[in-house]
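Colleague: Could you walk me through this fold, one small step at a time?

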Amino acid sequence: MKNSVKGLLVAVMLVTTAVVQAERVKDLASVAGVRNNQLVGYGLVVGLDGTGDQTSQAPFTVQSLKNMLAQFGITVPPNVNPQLKNAAAVVIHADLPPFAKPGQNIDVTVSSIANSKSLRGGTLLMSPLKGADGNVYAIAQGSLVVGGFGAGGSDGSRITVNVPSVGRIPNGATVERSVVSPFNQGDFVTLNLHSQDFTTANRLSTAINRAMGADTASAMDATSVRVRAPQSRSQRVAYISMLENLTVEPGDAAARVIVNSRTGTVVIGSNVRVSPAAISHGNMTVTITEEQEVSQPAPLAGGTTAVTQASNVEVVQEDARMFLFNPGITLDAIVRAVNQVGTAPGDLVAILEALKQAGALRAELIVI
């Protein structure tokens with residue numbers, strides 16, 4: 001246990017002690033209004049090998065097939081209910097990239113919404129994809145690529161690898177309508193940081209003013225920096241290109257300790273400090289064993305032989321060990337101190353929470 005904890009904490013040290021270096025603006029921020037738009041649609045997948053929807057439990061699959069056949073002049077009698085095994089009702093979703101133009105292709109993901117066991121080998125029929133405003137922005141169709149599969153036996157046993165009821169169609173949708181972007185509107189563009197930080201926002205505006213001239217950029221808050229930009233579309237594209245390739249040294253991350261209580265994973269930031277504190281760590285093990293004994297009465301006593309239970313309780317108290325955290329102790333010292341004690345991940349979480357409650361942990365403790 002001690003070695004596993006030591007390996008975990010050493011990995012934490014290697015991750016969190018990297019030196020902060022200057023990064024490109026395109027890696028730190030994005031242009032406001034330049035974003036993806038979500039699309040969603042409904043359709044039918046056909047050509048399945050008997051793994052489609054059970055129509056008795058998914059009547060909308062039959063209804064969808066009847067509506068599709070009616071568009072081709074084929075009328076199914078009202079009293080006829082086709083028993084489909086090779087078709088499945090699905091939901092399609094995709095992300096429409098910014099500045100996507102009609103005729104371009106995008107990837108789509110197809111997911112079964114009824115009781116289809118697998119979409120493997122299926123083909124999606126032409127399905128419209130709509131945006132949040134209800135307009136059709138793309139048309140999807142094509143053969144599915146499914147990463148999972150399932151197999152079953154006649155006795156009811158079954159094995160499934162990954163998720164066979166979800167598939168993808170690379171370049172499976174054709175864009176039919178473009179989304180209007182506010183990129184070329186107004187006299188300013190706004191750069192939004194991926195991680196909000198006042199220091200980074202101030203350094204970003206300073207770097208832009210140094211490169212493009214005074215009063216070109218101003219930090220609006222911890223996330224947004226407003227930059228004056230040319231009106232011409234071509235000039236604005238070249239201008240944003242120059243901004244994206246500027247380098248800025250981001251501010252140091254806030255002191256945080258993140259604990260995953262389910263897996264015992266602990267991530268400690270390099271800026272974490274601990275004020276003076278003394279910690280005692282020890283474990284008590286209680287072992288209870290049950291043994292069966294035979295109770296035999298004396299001759300002519302008139303009793304009967306019986307089996308009785310004998311309980312044995314043993315308590316083992318490990319030697320409690322105490323270690324001291326001096327003022328301003330760093331991550332490296334915390335790791336070495338905890339490794340010396342041989343603390344398990346669960347105990348380490350308890351120590352961190354106790355330090356936080358005592359006000360000795362100079363960091364934000366996040367338990368997920």
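**Strands, cores and one serine**

Modeller: Gladly! In this predicted model, strand β11 (residues 188-193) runs antiparallel to strand β13 (residues 224-228), and 5 bridges join the two.

Colleague: Which residue in β13 stands opposite Asn 192?

Modeller: The strand pair to look at is β11 and β13, which are antiparallel. Across from Asn 192, the residue in β13 is Ser 224.

Colleague: Which strands stand at the edges of the open sheet?

Modeller: The order of this 4-strand sheet is β2-β11-β13-β12. An edge strand has a single partner, so one side of it is left without a neighbour in the sheet. The strands that fit this are β2 (29-31) and β12 (217-219).

Colleague: What angle does the direction of helix α4 make with that of β12?

Modeller: Helix α4 covers residues 198-212 and packs on the open sheet. There it touches β11, β12 and β13. Its direction and that of β12 make an angle of about 170°.

Colleague: Now the barrel, please. How many strands does the closed barrel have?

Modeller: Follow the antiparallel pairing around: β3-β4-β5-β10-β7-β6. One of the pairs is β7 (residues 136-143) with β10 (residues 166-175), over 3 bridges. The barrel is closed, and its strands number 6.

Colleague: Which strand gives the most to the largest nonpolar core?

Modeller: In general, nonpolar side chains tend to be buried together in soluble globular proteins. Here the largest nonpolar core has 23 residues, and Val 110, Leu 119, Leu 124 and Leu 129 touch the most other members. Strands β3, β4, β5 (105-112), β6, β7 and β10 each supply at least two residues. With 5 residues, the one that gives the most is β4.

Colleague: How many residues are in the second, separate core?

Modeller: Among its members are Val 25, Val 31, Ala 217 and Val 227. This core is separate, and its residues number 21.

Colleague: Let's end with Ser 127. Is Ser 127 buried or exposed?

Modeller: Ser 127 lies in strand β6 (residues 123-130). Beyond its neighbours within four places in sequence, it is in contact with residues including Tyr 42, Ile 92 and Ala 138. Its relative accessibility is 2%, and the cut-off is under 20%, so Ser 127 counts as buried.

Colleague: Which residue's backbone oxygen does the side chain of Ser 127 reach?

Modeller: The distance is 2.7 Å, and a polar contact needs N or O atoms within 3.5 Å. The backbone oxygen that the side chain of Ser 127 reaches belongs to Leu 125.

Technical notes:
Residues numbered from 1 in each chain as written. Predicted model: local features only at pLDDT ≥ 70, side-chain atom pairs only at ≥ 80, totals over all residues. Heavy atoms only, no water. Buried < 20%, exposed > 50% of the residue type's maximum accessible area, 1.4 Å probe, protein only. Polar contact = N/O pair within 3.5 Å; in protein donor to acceptor, adjacent residues only side chain to side chain. Contact = heavy atoms within 4.5 Å. Pairing = 2+ DSSP bridges. Core = buried A, V, L, I, M, F, W, Y, C linked by side-chain atoms within 4.5 Å. Axes fitted to C-alpha atoms, helices over the stretch in contact; angles between N-to-C directions.
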